[in-house]
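Q: Please take a close look at one part of this model. Start there, then work outward to what it connects with.

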Amino acid sequence: MEVKNKYVAIKANINGAPEESDFEIKVENLSHMFEPESKEVVIKNLLVSIDPYQINRMKSQSSSQTSISYATAITPGEVIDTYGVGRVLVSHRPDFKKGDLVAGLLTWGEYTVVKEGSLLNKLDPSLAFPLSYHVGVFGFSGLAAYGGFFEVCKPKPGEKVFVSAASGSIGHLVGQYAKLLGCYVVGSAGSQEKVNFLKETVGFDDAFNYKQETDLKSALKRCFTQGIDVYFDNVGGKMLEAAVANMNSFGRVAICGVISEYTNASTRAAPDMKDIVYKRIRIQGFLAADFMPVYADFLSKTVEYLQDGKLKTIEDISQGVESIPSAFIGLFNGDNIGKKIVKVADE
Ligand SMILES: NC(=O)c1ccc[n+]([C@@H]2O[C@H](COP(=O)([O-])OP(=O)(O)OC[C@H]3O[C@@H](n4cnc5c(N)ncnc54)[C@H](OP(=O)(O)O)[C@@H]3O)[C@@H](O)[C@H]2O)c1
């Protein structure tokens, strides 16, 4: 069997904001990979995740590239791995058979050759949800939202919670988990449409468009007259500084990501460290993979909330491998509401 695989690659390392011209669509022949002794599984990709952290993998150098295996540097011209959902086309392993639906480490392309040891799990057909949920809300976005909020922020009912990039994949879930716990929740986002979405569709108590604010510290003071207890940070930079200035004593800041700093290192946050000391604020970074021990708990609660209509998950799905570069670039321009996914092929 001969299979041609169309995939997305970077032409060279990207050290600033990504542009269409940084990417190319390449074609490779996969026929030589179908050797029975290879222990490989060939997947037809169906849905692939589009995530901000990939930009750090595309840089010529970033400290993140040596942190965990998922964050290693991407080589120009080569396939780019990503979380996704697909169907087994060929299997040389006894635990997978042709036709199985799987979720795992796939690629920004039409097919993935999954080597032994790489993340690959069969999907539970009894979970009657759209396949895309396995990329977003049941994948690393959902796990980061749940684990980052409950395990790192240690929230209590009634506490005041601030979420940045609140209309995004992780942010809109964090705000809803916080509301379900009984917190007061405010989100920041980059347009009026997103502000309306947060207040009207996913039930945030309040939201503001950070692009329209001249002074972020005052904006947060206006929204949190009694201060912030928990800040779930997706953006870093000036917003982190403003949030720290508005934190209450013993406040907790979970650093999920710092997207405003990924493409512009000059925006790096410099919070007032005296605030951290005198208000005894705890700031902790985390990676979604840290929460695998609570995955079962996360999944059962999230499934229950979705089934009961208490949690909404919003997705923004583009079509075709060719749309991957613009879908990715759009994350840095605020184009998406909810989880950004590319549908590579029909089921
Ligand atoms: N720790 C982990 O394990 C983990 C896992 C996944 C993601 N993350 C991180 O979590 C954050 C959110 O990721 P996501 O997948 O949920 O993405 P997302 O929020 O769905 O998409 C990115 C959003 O960030 C906002 N944004 C872009 N540039 C910005 C800037 N300069 N300043 C402020 N906001 C900006 C945009 O919304 P606006 O219109 O509101 O600007 C955009 O829609 C990222 O920092 C990501 O790296 C961490």
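The shell around the ligand

A: The shell around the ligand divides into 16 nonpolar, 12 polar and three charged residues. Here Ala, Val, Leu, Ile, Met, Phe, Trp, Tyr, Cys and Pro count as nonpolar, Asp, Glu, Lys and Arg as charged, and the others, Gly among them, as polar. The model is predicted: local features need pLDDT of at least 70, side-chain atom pairs count only at pLDDT 80 or more, and totals for chains, interfaces and linings use all residues. Residues are numbered from 1 along each chain as its sequence is written.

In total, 31 residues surround the ligand. The closest are Gly168, Ser169, Gly190, Gly257 and Gly334. A residue is near the ligand if its C-beta atom, placed from the backbone, lies within 6 Å of it. Helix 2, helix 7 (259–262) and helix 10 (324–333) each give two or more residues to this shell. Helix 2 gives the most, with three. Helices (H or I, at least four residues) and strands (E, at least two) are DSSP runs, numbered from the N terminus.

Now follow helix 2 (residues 140–152) away from the ligand. Its axis comes within 10 Å of that of helix 9 (residues 295–307), and the two cross at roughly 100°. Axes are lines fitted to C-alpha atoms, for helices over the stretch in contact, and angles run from 0 to 180 degrees between N-to-C directions. Helix 2 and helix 9 are therefore roughly perpendicular, a label for angles of 65 to 115 degrees. From helix 2, Gly142, Leu143, Tyr146 and Gly147 meet Tyr295, Phe298 and Thr302 of helix 9. Contact means C-beta atoms, placed from the backbone, within 7 Å. By class, this contact holds four nonpolar, three polar and no charged residues.

Helix 9 itself has 13 residues, which should span 18 Å at 1.5 Å a residue. The expected span is 1.5 Å times one less than the number of residues. Its end C-alpha atoms are 18 Å apart, which agrees. Just after helix 9, glycine 309 takes a positive phi of about 75°.

Last, the sheet. It is open, with six parallel strands in the order 10-9-8-11-12-13. Strands pair if DSSP finds at least two bridges between them. Strand 10 (206–209) and strand 13 (282–285) are the edges; each has a single partner strand, so one side of each lacks a neighbour in the sheet. The twist averages 15° from one strand to the next.

Notes:
Angles under 35 degrees count as roughly parallel, over 145 as roughly antiparallel, 65 to 115 as roughly perpendicular and the rest as oblique. Two residues are in contact if their C-beta atoms, placed from the backbone, lie within 7 Å.
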